[in-house]
Amino acid sequence: MLPELRYPSTAQDWRRLAERRLPRFLFDYVDGGAGDERTLAANVEDFAAVRLRQRVLVDVDRVDTSAPLAGQRCSLPLALAPIGLAGMVARRGEAQAARAAHAAGVPFTLSTVGICPLAEVRAAAPAPFWFQLYMLRDRGAVRALLDRAWDAGCRTLVFTVDLPLTGMRHRDIRHGMAAQGARPALIKALQVLARPGWLADVAVQGKPLLFGNLAEQVPGARDLNAFKAWVDAQFDPSVTWKDIEWLRGHWKGRLLLKGILDVEDARSAVAVGADGIVVSNHGGRQLDAVASSVSKLPAIARAVGGQTEVLVDGGVRSGVDLFKALALGARGVLIGRPWVWALAGGGEAGVRSLLATLQRELLLAMTLAGVTRIADIGPGHLDAD
Ligand code: FNR
């Protein structure tokens, strides 16, 4: 039985609510991208431009949206993407989102730079969740993180490879998350005062607002700025394909490489033995000149789809977009901003409602395209005319 749908339900509904609930700098942190945000826009627009075939008089009495992702049976082939600082948009946000994902039967991914530590997410939701890793210079710290992730029940590691340095995000620099100094601090304080609900719920009752997974590595750090300074110095831009071997030696579970946008890199990912890749440009937050991830998907899926599990993220806003991604060769998708907007707008219930909408939209798309199983969705469902 599919849950009932009511407003707010779509990603755009939740975005509007998030804008009303969050201090401006936080909304911009989530919403924004790099440079002029052209890649960010292309991610969404290129999904919108894909056309599907409408098919009729096919027996669609039993449509099944379930499918495996990284060896895990899911109610739909979708996972919640890793989002740094998601716990800033709602009280103990990652724990709430993990509970919602568990209830909906899809994986949640905890970011290295999440607010809630691994153990808290584990306690919130019994289902195995995924852990996302940024490579740090301190390999001892990385090993400790991987051990803790394993102990928390994570069996899929999402290793993000498209962030040797953080992209140029002007909204964050203006007077947002990354802005330093007295004036931006004052502007941010005023933005917080304009959102008393958020102030009470998150800033006061949601503490500690620290990078929960790195607390042991940065002893004595009392605020996010201290953590940010440590993390910025720790991101390791010297990482190459050779380091995947090192990672393989320390991680017994599945390994997904996230941030592949090039066929040659996809082939290298297969060569180093990745169990899967996520075709991604980090939601348009890194190089604002690269193509949308959906436009890169077909060629990458053709090149390596037979040898590794190809997922995609960036711009997925509906169950119809999910259907399009599958038709273009993906085995599943990750969603980023949509779940964070829903979390900001409605907490755990908001994320559950969003996931219910996505599942309903996927089921309808399958029904109207005349296909009953996820595995049968393919290029034949695209309108090539
Ligand atoms: C991200 N993303 C991200 N990726 C990652 O591997 N680790 C992280 O900590 C973060 N943090 C993060 C914060 C915010 C606010 C956003 C919007 C994105 C990228 C994310 O996992 C995913 O690739 C994109 O969000 C997908 O694009 P959409 O769904 O947001 O369009």
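Me: Before I look at Arg317, what does contact mean here?

Reply: Contact means heavy atoms within 4.5 Å. Keep in mind that this is a predicted model.

Me: Thanks! Which residues is Arg317 in contact with, leaving aside its neighbours within four places in sequence?

Reply: Arg317 touches Ala11, Val44, Arg337, Pro338, Trp341 and Leu358 once those neighbours are set aside. Arg317 itself is found in the loop that runs between strand E9 (309-313) and helix H14 (319-327).

Me: How far from Arg317 is the nearest side chain of opposite charge?

Reply: For a salt bridge, look for a side-chain nitrogen of Lys or Arg within 4 Å of a carboxyl oxygen of Asp or Glu. Here the nearest candidate is Asp321, at 6.6 Å, so by that cut-off Arg317 has no salt bridge, although Arg317 is buried.

Me: Let's turn to Asn43. Is Asn43 buried or exposed?

Reply: Buried means under 20% relative accessible area. Asn43 counts as buried because its relative accessibility is 1%. You will find Asn43 in helix H3 (residues 38-49).

Me: And what lies around the side chain of Asn43?

Reply: A polar atom of the Asn43 side chain lies 3.2 Å from the backbone nitrogen of Ser293. Beyond four places in sequence, the residues in contact with Asn43 include Asn281, Gly283, Gly284, Ser292, Val294, Gly314 and Gly315.

Me: How does Pro298 read on that accessibility scale?

Reply: Values between the buried and exposed cut-offs, 20% and 50%, are called partly exposed. Pro298 is at 22% relative accessibility, which is why Pro298 counts as partly exposed. Pro298 lies in helix H13 (residues 293-304). From C-alpha to C-alpha, Pro298 and Cys116 are 36 Å apart in space, with their positions 182 residues apart in sequence.

Me: Where should I look for a cap on helix H12?

Reply: Start at the N-terminal end of H12 (residues 263-271), which Asp262 caps. A side-chain oxygen of Asp262 lies 2.9 Å from the backbone nitrogen of Glu264. After H12 comes Gly273, with a positive phi near 85 degrees.

Me: Finally, how many residues surround the ligand?

Reply: There are 24, and the closest are Pro82, Ser111, Tyr134, Thr160 and Asp313. For polar pairs, check the distances to ligand nitrogen atoms. A backbone N or O atom of Gly84 lies 2.9 Å from a nitrogen atom of the ligand. Polar side-chain atoms also approach ligand nitrogen: Lys258 at 3.0 Å and Gln132 at 3.3 Å. Taken alone, the ligand exposes 600 Å², and the protein buries 98% of that.

Technical notes: Residues are numbered from 1 along each chain as its sequence is written. This is a predicted model: local features need pLDDT of at least 70, side-chain atom pairs count only at pLDDT 80 or more; totals for chains, interfaces and linings use all residues. Side-chain values use heavy atoms; hydrogens and water are left out. Helices (H or I, at least four residues) and strands (E, at least two) are DSSP runs, numbered from the N terminus. Buried means under 20% relative accessible area, exposed over 50%, partly exposed in between (1.4 Å probe, protein chains only). Lys and Arg count as positive and Asp and Glu as negative; His and the chain ends are not counted. A residue is near a molecule or strand if one of its heavy atoms lies within 4 Å of it. A polar contact is a pair of N or O atoms within 3.5 Å; within protein, one must be able to donate a hydrogen and the other to accept it, and residues adjacent in sequence count only if both atoms are side-chain atoms. Accessible areas come from the Shrake-Rupley method with a 1.4 Å probe; for residues, only the protein chains shown count as cover.
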